Amino acid sequence: MTHPDPTLFGHDPWWLILIKAVAIFAFLMLSLLVAILMERKILGYMQMRPGPNRVGPWGLLQSLVDGVKLALKEGLIPAGVDKFIYLAAPVISVVPAFIAFSVIPMGGEVSIFGHRTALQLTDMPVAVLFVLAATSIGVYGIVLAGWASGSTYPLLGGLRSSAQVISYEIAMALSFAAVFIYAGTMSTSGIVAAQHGLWFIFPLLPSFVIYVTSMVGETNRAPFDLPEAEGELVGGFHTEYSSIKFAMFMLAEYVNMFTVSALATTLFLGGWHAPWPINMWDGANTGWWPLLWFTAKLWGFMFLFFWLRGTLPRMRYDQFMALGWKILIPVSLAWIVIVSSARSLRNHGVDQLVTALITVAAVVGLLLLVVLWRRLRGKEIRKVPEQVLDPSVFPIPPLPNKGTATQASTESSKAETPKEKSSKEKTHA
C-alpha cells in the first residue's frame with residue numbers, strides 16, 4: 001500500500017507541478033470529448049436510435065467536430081448587454097471547475113523521472129471544503145450570465161440556478177459531515193487512506209444517497225436542469241450566448257460533472273483503491289494501477305448522469321425545491337446526529353456490533369416517525385372549498401355543456417329589433 005505522505009505536497013519541483021497540472025487539464029479535456037460522445041450514444045441506445053455514426057469511424061469524431069463548429073461560429077453580442085460581465089461570465093464558470101480537480105487524489109505514490117510524487121496536484125487540511133467553495137463560485141458565472149444578457153428568460157434561469165445551488169449545497173455539505181466524523185480529517189488523501197479496510201458507502205449509505213442526489217442538482221443535470229428548461233425559459237441562462245462562449249458553458253457543465261463524480265469516488269468508494277476481489281492481488285494498489293480503478297469508478301458515476309437524463313422527466317420547480325428543503329436537509333441533520341452518537345459510543349469502547357445495531361434501530365425508528373407524521377398530517381388536511389368567482393366582479397367565459405347554446409340563442413333573440421324579426425319572417429315565407 002503506497003498512501004501519499006502529506007509532507008510530499010508542496011515540495012515537488014516546479015516542472016513536476018507543471019506536468020501534473022497539464023496532465024489533469026488534458027485528462028479532463030479528453031474525458032469531456034468522450035463523455036459527450038458516450039452520452040449521445042447511450043441515450044440513442046436507450047431510445048432505440050443509432051446516435052452519432054457519420055463523422056469518423058462509428059461517429060468517434062463527432063464531439064471534436066462539434067467543438068470546432070462552435071469555435072468557428074460567429075460570436076454575436078446582443079444590444080443592451082453589460083459587455084464586460086457578459087464576456088466574463090463563461091470564464092467564471094469554467095475556471096473553478098478545473099481548479100476544484102486539483103485536490104482530487106487519482107492514485108498513490110509513483111515515480112516520475114526519478115522523483116517520488118503522489119498522483120495528486122496538491123492537498124490541504126480542508127481540501128473537501130476547497131472543492132465545495134470552488135464549485136460554489138462557478139454558479140456566479142451562471143447568475144451573471146443571466147443578469148448581463150438583459151433578457152427576461154436568461155435572468156429567470158440565473159435566479160433559478162442561484163436558488164438551486166443554495167438549496168442543494170446545504171444538503172451536500174451535511175453529507176460531507178458524516179464522512180469527516182468517520183475519517184477524522186477533511187484532507188482528500190486522508191479520507192482515501194481511512195477507507196483502506198472499508199469503503200464509506202457501506203456505513204454511510206444515507207450520506208451517499210443524499211450526496212448523489214445533491215450532486216445531480218448541483219450540476220444542473222436532468223431531472224434537475226431547471227435553469228435550462230427549454231420548455232419554459234427558451235434556453236435558460238445561456239439563451240443569448242453563441243459560438244465559443246456557449247461552448248464554455250457546456251465545458252463547465254461537463255467538467256463539474258467529472259469533479260463531483262471524482263469527489264463521490266474519493267469520499268464514498270475508496271478513492272483509487274481497487275475494488276473487491278481485485279484488491280486481493282498484492283500489487284493492485286501500487287504503481288499506476290490505482291489510476292485505472294479511479295477512472296473506472298469515475299465513469300460509473302458519469303453513466304449514472306446519462307442514465308438519469310434518458311430515464312426521468314424534468315421535475316416541476318416547486319417539487320424540486322421541496323425535495324431539497326423538506327426532505328434532504330432534515331434527513332441529513334437527523335443522520336448526522338445518529339452518526340455522531342454511534343461514533344461517540346465506539347470511542348467509549350462500545351462493541352462495533354452493538355453500535356451498528358443501535359444505528360439501525362435509530363434509523364428504523366426515524367422512518368417510523370416520518371411515516372406516522374405523514375399519516376397524521378394527511379388526516380388533518382381539510383378539503384379546500386371550491387372557489388366561486390362572481391362574473392360581475394371578474395368576467396369569466398361560460399362553462400362548456402352548461403346550456404351555453406340555449407343561453408346564446410335567447411340573448412340573440414332578445415337583441416333583435418322588431419324590424420329584423422319581420423324581415424326574417426318575410427324571408428322564410
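A salt bridge here is a side-chain nitrogen of Lys or Arg within 4 Å of a carboxyl oxygen of Asp or Glu. Keep in mind that this is a predicted model.

Q: What makes Glu-39, Arg-221, Glu-253 and Arg-309 a network?
A: These four residues are linked by salt bridges.

Q: How do you know that Glu-39 and Arg-221 meet in a salt bridge?
A: Check the distance: N to O is 2.5 Å for this pair. The cut-off is within 4 Å, so the pair counts. Glu-39 sits in helix H1 (residues 14-46), while Arg-221 is in the loop between helix H7 (205-218) and helix H8 (230-233), so the bridge ties together parts that are 182 residues apart in sequence.

Q: Are Glu-39 and Arg-221 buried or exposed?
A: Both of them are buried.

Q: Why can side chains like these pair up?
A: Opposite charges can pair when the charged atoms come close.

Q: What makes Asp-66 and Arg-40 a salt bridge?
A: Again, look at the N to O distance, which is 2.6 Å. With a cut-off of within 4 Å, this pair therefore qualifies. Asp-66 lies in helix H2 (residues 62-72) and Arg-40 in helix H1, so the pair ties together parts that are 26 residues apart in sequence.

Q: Why is Asp-66 called buried?
A: Its relative accessible area is 19%. Buried means under 20%, so Asp-66 gets that label.

Q: And why does Arg-40 count as partly exposed?
A: Arg-40 has 33% relative accessibility. That value falls between the 20% limit for buried and the 50% limit for exposed, so partly exposed is the right word.

Q: How do you know that Arg-316 forms a salt bridge with Asp-318?
A: Their closest N and O atoms are 2.8 Å apart, and the rule asks for within 4 Å, so the pair passes. Asp-318 is partly exposed, because its relative accessibility is 45%.

Q: How many salt bridges does this rule give?
A: The count comes to 8 salt bridges.

Q: Which elements give two or more residues to the nonpolar patch on the surface?
A: Those are H1 and H2. H2 gives the most, with 4 residues. Members of the patch include Leu-30, Trp-58, Val-65 and Leu-72, and the whole patch has about 920 Å² of accessible area together.

Q: Why is Leu-72 called exposed?
A: Leu-72, which has its place in helix H2, shows 71% relative accessibility. Exposed means over 50%, so Leu-72 earns the name.

Methods
Residues are numbered from 1 along each chain as its sequence is written. This is a predicted model: local features need pLDDT of at least 70, side-chain atom pairs count only at pLDDT 80 or more; totals for chains, interfaces and linings use all residues. Side-chain values use heavy atoms; hydrogens and water are left out. Buried means under 20% relative accessible area, exposed over 50%, partly exposed in between (1.4 Å probe, protein chains only). Patches are made of residues with over 30% relative accessible area and no salt bridge: like charges are joined within 9 Å, nonpolar side chains (Val, Leu, Ile, Met, Phe, Trp, Tyr) within 5 Å. Accessible areas come from the Shrake-Rupley method with a 1.4 Å probe; for residues, only the protein chains shown count as cover.
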